[in-house]
Amino acid sequence: MKNLVLIIVSLLSSNLALAQKYSSKTGQVSFEASVPLFEDVSAKDNNNIVILNADTGEIASVSAVKNYKFTVKLMEEHFNENYAESAKYPKATFTGKLVNFDKTKLSASPQKYTVQGKLNFHGVDKAVSSSATVYAKDGKIYMQGGFVARPADHNVTIPKMVSKKVAENVNVKYDYVLSKQ
């Protein structure tokens, strides 16, 4: 019985080891929530961590909320303290899958995929679907895409006095260069 358990554990471990995983610790995620005639409301995180299982198309990413950098420091401070509450909710995560992903069809020619999953921001999970462009070059997988998120969907309250200066729909973009692990 003990040998049977060891054999099963060994087989499961080898399957995980054989999975083709690609990752990056320098993924770029940015968001833009500007409205015309008011100050630019945008930020970027250049340290997003992302992992792609090329065998299944499953993808996961995480950003430290405090990593988002704004051009206006006061805006960054307000974002972290009042809106994102980054001390209470330090991470934003995404878990999902590239629909109909087939690593054998990857080439230097960009292909469109639908990415479906769950975004967790401000402690709230929300289903997300986006379009992504994916291609392979020099042993790396490149992936760019974007989606729209609504602060209200994540229980983020925008005070009335600035609500006209912040868009109700936030455009989120991601850009990843993934290397084989």
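**Close-up views of the predicted model**

**View 1. An aromatic pair between strands S1 and S4.** Phe31 is buried, and Phe70 is buried too (buried: under 20% relative accessible area; exposed: over 50%; partly exposed: in between; 1.4 Å probe, protein chains only). The model is predicted, so local features need pLDDT of at least 70 and side-chain atom pairs pLDDT 80 or more, while totals for chains, interfaces and linings use all residues. Numbering starts from 1 along each chain as its sequence is written, and side-chain values use heavy atoms, without hydrogens or water. Ring pairs join Phe31, Tyr68, Phe70 and Phe79 into a cluster. Across the whole structure, the search finds 7 aromatic pairs (Phe, Tyr or Trp rings, six-membered for Trp, with centres within 6.5 Å; planes under 30 degrees apart are stacked, over 60 edge-to-face, the rest tilted). Phe31 and Phe70 form an edge-to-face pair, with ring centres 5.8 Å apart and 75 degrees between the planes. The pair links distant parts of the chain. Phe31 sits in strand S1 (residues 21-32) and Phe70 in strand S4 (residues 69-70), 39 residues apart. Strands are DSSP runs of E, at least two residues; helices are runs of H or I, at least four; both are numbered from the N terminus.

**View 2. A tilted pair, Phe101 and Tyr113.** The ring centres of Phe101 and Tyr113 lie 5.4 Å apart, and the planes meet at 55 degrees, so the pair is tilted. Phe101 belongs to the loop between strand S5 (91-98) and strand S6 (111-121), and Tyr113 to strand S6, so the pair ties together parts 12 residues apart in sequence. Phe101 is buried because its relative accessible area is 11%. Tyr113 has 8% relative accessibility, so Tyr113 also counts as buried.

**View 3. Polar contact of Asn120 with Asp125.** Asn120 lies in strand S6. The Asn120 side chain makes a polar contact of 2.7 Å with the side chain of Asp125 (N or O atoms within 3.5 Å; within protein, one able to donate a hydrogen and the other to accept it; sequence-adjacent residues count only if both atoms are side-chain atoms). Beyond neighbours within four places in sequence, Asn120 is in contact with Lys91, Ala92, Thr93 and Asp125 (contact: heavy atoms within 4.5 Å).

**View 4. Asp153, in the loop before helix H3.** Asp153 is placed between strand S8 (140-149) and helix H3 (160-163). Its relative accessible area is 29%, so Asp153 is partly exposed. Asp153 touches Val124 and Lys126, leaving out residues up to four places away in sequence. From C-alpha to C-alpha, Asp153 and Phe101 are 28 Å apart in space, with their positions 52 residues apart in sequence.

**View 5. Positive phi at Glu85 and Asp138.** Glu85 has phi near 50 degrees, a positive value in a residue other than glycine. Glu85 occupies the loop between helix H2 (73-83) and S5. Glu85 is partly exposed because its relative accessible area is 29%. Asp138 is not a glycine either, yet its phi is positive, about 55 degrees. Asp138 lies in the loop between strand S7 (124-137) and S8. With 69% relative accessibility, Asp138 counts as exposed.

**View 6. The whole protein, for orientation.** The protein has 3 helices and 9 strands. From the N terminus, the elements run α-β-β-β-β-α-β-β-β-β-α-β. The C-alpha atoms fill a box of roughly 65 × 45 × 25 Å along the principal axes. Of the 181 residues, 36% are buried. Among contacts with a separation of 6 or more, 59% involve residues 24 or more positions apart.
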